[in-house]
Amino acid sequence: MISLNLTVPLAVDFNEAEDYFIFIANLLIATSSFLMAGSVMVGIICKNELRAQNRFIFMLNTSISDTLSGVGGYYIGLFDVYEGYPSRNGTYYIVPSLLGVNILTILFAQFDRFIAVVYPYVYNRYASRTVIIEVCLFCWFYTYLIVAIQNVVTIDLAAKVSAYGTLLLQAIIIVKVMLNVKLYLIAKYQIAREPPGPERDSKKESLRLIIVVVVCFLALWTPRFYYLIVVQMTRSRYVFNNNASDPFSMMIRFSATCTPGLYIWGSPALREAVMKTVWGRVCPVPRKR
């Protein structure tokens, strides 16, 4: 019998039926995230018409993050890894922080859609493609600056930085919810009064998409957020053995599949680009003679 000498053990021992379920579920989550987000990323990169629109730049940024999350999910989801204080076989918080990039990117995308619809003249004047790219780069810079600080300071100080980060995320969640309500009202009343045409359809599509993405993202991410708050307030121990067996962590990593999937569902132009540039080449449909 061939024995594998792994430096980092697998997440489960395969002694019970639930171990197989946990392993397969994490494998499917990582694979689906990589394929779905990677398809959106390639589809946007290969289409000049999509890259020229600011909203697709935000989609590209989250898709890059989700693709990397899918790749990192093979390690976090299949091996005995716990990202916390102190961590065990962790990634120095590099992989979990990819979701932080998404949180900031989606927040800025909400502001982008709000200004684009409510203040179109200001938006067209100042919100250039370069500005949007710089905003996306800022999301990466800020997130991994915090990660760098957490990795060079002591564990106690890193835990305090994480606690402050949790408070900041709570504020971001509140802002996200308020913006979502505002965007819904804009989509329902203001756009409805505009004359029919391509511009109105584009605004309606972009607003509907960002609203659905935020709702889905918060639904998958918020349970773990409040679970961590309860653990810290009660000073109780972490219940799950590792990130692979943590259902809240699995939900968060599954958001890397849902977000690009919603992009494809909500945008016909992106769906066409993905089908032609990615899946059309991987699985070509034979032409009828």
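1. Let's start with the nonpolar patch, bearing in mind that this is a predicted model. Helix 4 and helix 5 (120-126) each contribute at least two of the patch residues. The members are Phe111, Ile115, Tyr119, Val122, Tyr126 and Val175, and together they make a nonpolar surface of about 530 Å².

2. Ile115 is a handy residue to click on here. This patch member sits in helix 4. Its relative accessibility is 33%, so Ile115 counts as partly exposed; the buried class would need a value under 20%.

3. Now to the interior. The largest nonpolar core has 43 residues, and those touching the most other members are Ile44, Met59, Ile210, Trp221, Tyr263 and Leu270. At least two core residues come from each of helix 1 (17-45), helix 3 (54-78), helix 4 (98-118), helix 6 (129-152), helix 7 (155-190), helix 8 (198-234), helix 9 (247-266) and helix 10 (268-282). Helix 8 gives the largest share, eleven residues.

4. Met59 is a good place to look at this packing. Setting aside neighbours within four places in sequence, Met59 is in contact with Ile44, Leu209, Tyr263 and Leu270. Of these partners, Ile44, Tyr263 and Leu270 are, like Met59, among the residues that touch the most other core members.

5. One loop residue also deserves a glance: Ser97, between helix 3 and helix 4. With a relative accessibility of 13%, Ser97 counts as buried, because the cut-off for that class is under 20%. Beyond neighbours within four places in sequence, Ser97 is in contact with Thr143, Tyr144 and Val147.

Key:
Residues are numbered from 1 along each chain as its sequence is written. This is a predicted model: local features need pLDDT of at least 70, side-chain atom pairs count only at pLDDT 80 or more; totals for chains, interfaces and linings use all residues. Side-chain values use heavy atoms; hydrogens and water are left out. A nonpolar core is a set of buried Ala, Val, Leu, Ile, Met, Phe, Trp, Tyr and Cys residues joined through side-chain atoms within 4.5 Å. Buried means under 20% relative accessible area, exposed over 50%, partly exposed in between (1.4 Å probe, protein chains only). Helices (H or I, at least four residues) and strands (E, at least two) are DSSP runs, numbered from the N terminus. Contact means heavy atoms within 4.5 Å. Patches are made of residues with over 30% relative accessible area and no salt bridge: like charges are joined within 9 Å, nonpolar side chains (Val, Leu, Ile, Met, Phe, Trp, Tyr) within 5 Å. Accessible areas come from the Shrake-Rupley method with a 1.4 Å probe; for residues, only the protein chains shown count as cover. A salt bridge is a side-chain nitrogen of Lys or Arg within 4 Å of a carboxyl oxygen of Asp or Glu.
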